Protein chains: 2
Amino acid sequence: MSISTELPSTHNHSNCINAALTMATQLCVERGVQLTSIRQQVLELIWTNHHAVKAYDLLERIKPLQSAAKPATIYRALDFLMAQGFIHRVESLNAFIGCCDLKTAHEQLLLICKQCKNVEERHADVVMQALVQELQNANFIAHSKAIEIQGICENCSQTLNTEIPA
Amino acid sequence: MSISTELPSTHNHSNCINAALTMATQLCVERGVQLTSIRQQVLELIWTNHHAVKAYDLLERIKPLQSAAKPATIYRALDFLMAQGFIHRVESLNAFIGCCDLKTAHEQLLLICKQCKNVEERHADVVMQALVQELQNANFIAHSKAIEIQGICENCSQTLNTEIPA
DNA sequence: AATTGATATGTTATATTGTAACAAATTAAC
DNA sequence: GTTAATTTGTTACAATATAACATATCAATT
Ligand SMILES: [Zn+2]
Ligand SMILES: [Zn+2]
Ligand SMILES: [Zn+2]
Ligand SMILES: [Zn+2]
């Protein structure tokens, strides 16, 4: 049985990368903060694909570019990128993904595929509305929300379903 | 300014402890699994209060009872208790809490108070319904769901609000 | 009661993830 | 250019988690 580990062929990932880097560059100018080369390299490495990336994997990957890189190098860059909203932390994986929507502040619903490892970020406005109501009912003042679903994505389940037993 | 770190006085926590241990004992018998003394001790330690507990804190706390305890001792007990649904892992804290409803399988919405550290588990049926619909829209097959909200709980915000500036 | 298989625990070592603290370098503002 | 703020380098370590294998306990079967 073959296993899909890719996004649909309709997906042009260079668009994702370009959009993320362009927006990040622009937002940093607007905000008067510095997208230094280390920070940009980490952001690019995170955008290699739609997988969540671990900090120490980033460290290995950035070493050819930044031979002096240490854990703090990566964690500082990640802190910056999170503070700017360019990436999200995936709590249930201790890993990080690029944010797909830099234009609007938003809460994230993350769909984490156990098979292909892709993480999809969805707005899920209806869910968020219900959640806001529930938090009001509980008189709970939310500072941050993490909604993470693990399972099998559409692409992977289709690939499995169309698989013909030999 | 005083800071509340307690639950409302209406809360009788010994009820929580008794219910959790009684149900766990009963369910282990029904399921033919063993609630060994280590596992029961870990469960009791988790139920000390409604805070999320870290694995290495549990390790320190169990050592007077189990002098040979090592990390594996704790993590094995935690694995068992999670598999039985007696506790939940709080992904955003790398910590663990006792489950408040052992009778029915359920997804958890966790409200994590940054101030008093209490974690409240709510069923939030409306949110879960909306989430199920969203997952259907996405054709995503969910295996597990983690919804974790960090902020300030009702009790803490009331305590702050009623505080009179000197 | 001894044998056996399954489950649970003991033990050592190590892997993984994340921070603290301070020095040096770079950048921005004046 | 000098100063102040920010960023990076560097060392050391803290915190979280698992692998691997030995030993012990338990439960059922001879
Ligand atoms: Zn893409
Ligand atoms: Zn997938
Ligand atoms: Zn209680
Ligand atoms: Zn609170």
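Trainee: How do the residues of the surface near DNA strand D divide into nonpolar, polar and charged?

Mentor: In this predicted model, that surface has six nonpolar, three polar and six charged residues.

Trainee: Which residues come nearest to DNA strand D, and what makes a residue count as near?

Mentor: A residue is near if one of its heavy atoms lies within 4 Å of the strand. There are 15 residues around DNA strand D, and T36(A), R76(A), K54(B), Y56(B) and R89(B) come nearest. On the DNA side, sugar and phosphate make up 47% of the strand D atoms that come within 4 Å of the protein.

Trainee: How do you know that R76(A) makes a polar contact with a base oxygen of DNA strand D?

Mentor: The pair must consist of N or O atoms within 3.5 Å. An N or O atom in the side chain of R76(A) is 2.4 Å from a base oxygen of DNA strand D, so the pair qualifies. For R39(A), the partner is a phosphate oxygen of the strand, at 3.1 Å. Y75(B) also has a phosphate oxygen as partner, with its polar side-chain atom 2.9 Å away. Two or more residues of the surface near strand D come from each of α2 (37-46) and α4 (71-83) of chain A and α4 (71-83) of chain B. The most, three residues, come from α4(B).

Trainee: Which residues are closest to DNA strand C?

Mentor: The closest are K54(A), Y56(A), R89(A), T36(B) and R76(B), out of 16 residues that surround the strand. The surface near DNA strand C divides into six nonpolar, four polar and six charged residues, and its largest share, three residues, comes from α4(A).

Trainee: What makes the approach of Y56(A) to DNA strand C a polar contact?

Mentor: The cut-off is 3.5 Å between N or O atoms. A polar side-chain atom of Y56(A) lies 2.6 Å from a base nitrogen of DNA strand C, so the approach is a polar contact. K54(A) and R89(A) have phosphate oxygens of that strand as partners, K54(A) at 2.5 Å and R89(A) at 2.7 Å.

Trainee: Why is the pair E134(B) and R122(A) called a salt bridge?

Mentor: The term requires a side-chain nitrogen of Lys or Arg within 4 Å of a carboxyl oxygen of Asp or Glu. The side chains of R122(A) and E134(B) meet at 2.7 Å, N to O, so the pair meets the rule. The count between chain B and chain A is two salt bridges.

Trainee: How many residues does each chain bring to the contact?

Mentor: Chain A and chain B bring 35 residues each. The buried area between the two chains is about 3000 Å², with 62% from carbon and sulfur atoms. On the chain B side, E134(B), F140(B) and I149(B) lose the most area, together 19% of what that side buries.

Trainee: How do you know that β5 of chain A pairs with β5(B)?

Mentor: Two strands pair if at least two bridges are found between them. Here 11 bridges join β5 (residues 141-152) of chain A to β5(B), so the strands pair. They run antiparallel, and one of the bridge partnerships is that of K145(A) with I149(B).

Trainee: What pattern does chain A follow along the sequence?

Mentor: The order is α-α-α-α-β-β-β-β-α-β-α, from six helices and five strands.

How values were computed. Residues numbered from 1 in each chain as written. Chains lettered and ligands numbered in written order. Predicted model: local features only at pLDDT ≥ 70, side-chain atom pairs only at ≥ 80, totals over all residues. Heavy atoms only, no water. Contact = heavy atoms within 4.5 Å. Buried area = accessible area lost by both parts, 1.4 Å probe. Helix = DSSP H or I, 4+ residues; strand = E, 2+ residues; numbered from the N terminus. Polar contact = N/O pair within 3.5 Å; in protein donor to acceptor, adjacent residues only side chain to side chain. Nonpolar A, V, L, I, M, F, W, Y, C, P; charged D, E, K, R; others polar.
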